Amino acid sequence: MSAVDIDVMDISELVDVAHYPLDGRDLPTSEPSHTAYWAAVEHARSSLRADGCALLKEFVTPAAVRLLDDEIVAAKPQTHFSTQVINPYFHTQVNPSFGDDHPVNTFTERSSGFIPGDAWPPVCGMGALFRAPRVRRLLADCLEIDELHCYDDPLAGLTANILDPGQQFPWHFDTNDFAVTVLVRPADEGGLFEFAPAVRSADDEGFDAVGALLSGSRDGVHTLDLQPGDLQIFRGRHSLHRVTRVAASSQPRHAAIFAYTHQPGVIGRVERTRQLFGRVLPEHEEAERQRVREDDLLD
C-alpha cells in the first residue's frame with residue numbers, strides 16, 4: 001500500500017501489527033498474537049526498568065512514516081522556531097544563589113522548532129496514532145500503569161519537534177514523567193538522541209553528575225540509533241538528555257511527540273509552553289493558577 005487512507009485511518013495501517021499485535025492482549029494465551037504482544041511489553045518493561053528508555057523498533061509502518069512526514073511538512077509553516085540559551089532546567093537567567101560554573105548557571109544554545117497541537121487537521125495520521133485506545137493501552141502496559149490519558153494541553157499534547165540544519169536541542173530535563181516519540185525523518189548527519197539515565201531523583205538534583213555531563217563527560221551516556229518508525233518511551237524527568245546538532249548539510253530531523261498523562265485534564269506549564277510555542281492560551285493560565293507541584297525540582 002503506497003499510502004494510508006486517511007478517510008478510514010485504520011490503526012492497523014499505521015502500526016506494524018504483525019510484530020505489535022494491538023489486539024493480542026485480549027486473545028487466548030494459546031494464540032501467537034497474545035505471546036507476541038506480551039513479548040513486546042516485557043521487552044519494553046525490562047528496558048524502562050534498566051535505564052528509563054524503551055524502543056519499539058519499526059512500530060510505525062513505512063507507509064505511515066511517509067504519511068506522518070507529509071503531515072509534518074504541510075504543518076511546518078506553523079512551527080514556532082526559537083533560539084535561546086538555556087540551562088538544563090529551561091531557565092534563561094543567571095541565578096546569583098549559585099556559582100558561575102554551577103549547572104544552574106551553565107547555558108547552552110537551544111535552536112529548534114515545535115509544531116503546536118492546534119496545527120493538525122481533525123483527521124490525520126498523527127492524531128489517529130496519538131488517540132488510538134489500543135496504542136495507549138499498549139503504552140500503559142509497557143509503563144506498568146493502569147491507563148494513559150492523552151495530554152489535554154491544546155498546544156503540547158500532539159506536537160512535532162523540528163531540527164533544521166544547524167539546530168540542536170541541548171542537555172535538559174523534561175517536566176513530564178515520560179514522553180513518547182516517533183522518529184519520522186532522521187538527519188543525514190547529527191541529530192542523535194543521547195541520554196544519561198537517573199541523573200537526579202525527586203529529592204536530589206544530582207548537580208555533580210549534571211555538571212560533569214555539561215563539561216563533556218561521557219560517563220553513562222547512551223546514544224540511540226533511531227530509525228524512521230521507531231517509537232521511543234522515555235522517562236525524561238530524572239534523565240538528562242539531548243538531541244545533538246544537525247549538520248548544516250543535512251536534511252531536517254522530524255519527530256512526532258505524543259504526550260500522555262496518568263490523570264485526565266492535565267495542562268502544561270505557562271513558562272515552558274511559552275518557550276516552546278511562543279504563546280499560551282487561557283487554558284494554560286487557568287491551569288497555572290490551580291497547579292499543585294509534585295516535587296521541588298528546579299524543573
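**Exercise 1. Determine how strand β7 is joined to strand β12, and name the bridge partner of V180.**

Solution. Five bridges link β7 (residues 179-185) with β12 (residues 253-258), and the two strands run antiparallel. The model under study is a predicted one. At the level of single residues, V180 has F258 in β12 as its bridge partner.

**Exercise 2. Give the strand order of the open sheet of seven strands, and explain which strands stand at its edges.**

Solution. Step one is the order, which reads β1-β10-β7-β12-β5-β3-β2, with antiparallel pairing. Step two concerns the edges: β1 (53-56) and β2 (80-86) each have a single partner strand, so one side of each lacks a neighbour in the sheet. Step three is the twist: on average, neighbouring strands of this sheet are turned by 25° against each other, direction ignored. In general, strands of a sheet pair through backbone hydrogen bonds, either parallel or antiparallel.

**Exercise 3. State which strands helix α2 and helix α6 lie across, and at what angles the helices run.**

Solution. Consider helix α2 (residues 62-75): it lies across β3 (108-115), β5 (158-163), β7 and β12, and runs at about 90° to β7. Helix α6 (residues 270-277), in turn, lies across β2, β3 and β5. The direction of helix α6 is at about 120° to β2.

**Exercise 4. Locate R237, decide whether R237 is buried or exposed, and describe its polar contacts.**

Solution. The place of R237 is the loop between β10 (231-234) and β11 (240-243). Its relative accessibility is 5%, and buried means under 20%, so R237 counts as buried. The side chain of R237 forms a polar contact of 2.8 Å with the side chain of D295. In addition, a polar atom of the R237 side chain lies 3.1 Å from the backbone oxygen of D174. Leaving aside residues up to four places away in sequence, R237 touches several residues, including F173, T175, R200, R269 and D299.

**Exercise 5. Establish how many disulfides the structure holds, and examine C124 and C142.**

Solution. The structure holds zero disulfides. For C124, the nearest cysteine sulfur is that of C150, 12 Å away, and C124 is in no disulfide. A disulfide requires sulfur atoms within 2.5 Å. For C142, the closest cysteine sulfur is in C53, at 12 Å, which is too far for a bond. Turning to accessibility, C124 counts as buried because its relative value is 3%, and C142 counts as buried at 1%.

Technical notes
Residues numbered from 1 in each chain as written. Predicted model: local features only at pLDDT ≥ 70, side-chain atom pairs only at ≥ 80, totals over all residues. Heavy atoms only, no water. Buried < 20%, exposed > 50% of the residue type's maximum accessible area, 1.4 Å probe, protein only. Helix = DSSP H or I, 4+ residues; strand = E, 2+ residues; numbered from the N terminus. Polar contact = N/O pair within 3.5 Å; in protein donor to acceptor, adjacent residues only side chain to side chain. Contact = heavy atoms within 4.5 Å. Pairing = 2+ DSSP bridges. Axes fitted to C-alpha atoms, helices over the stretch in contact; angles between N-to-C directions.
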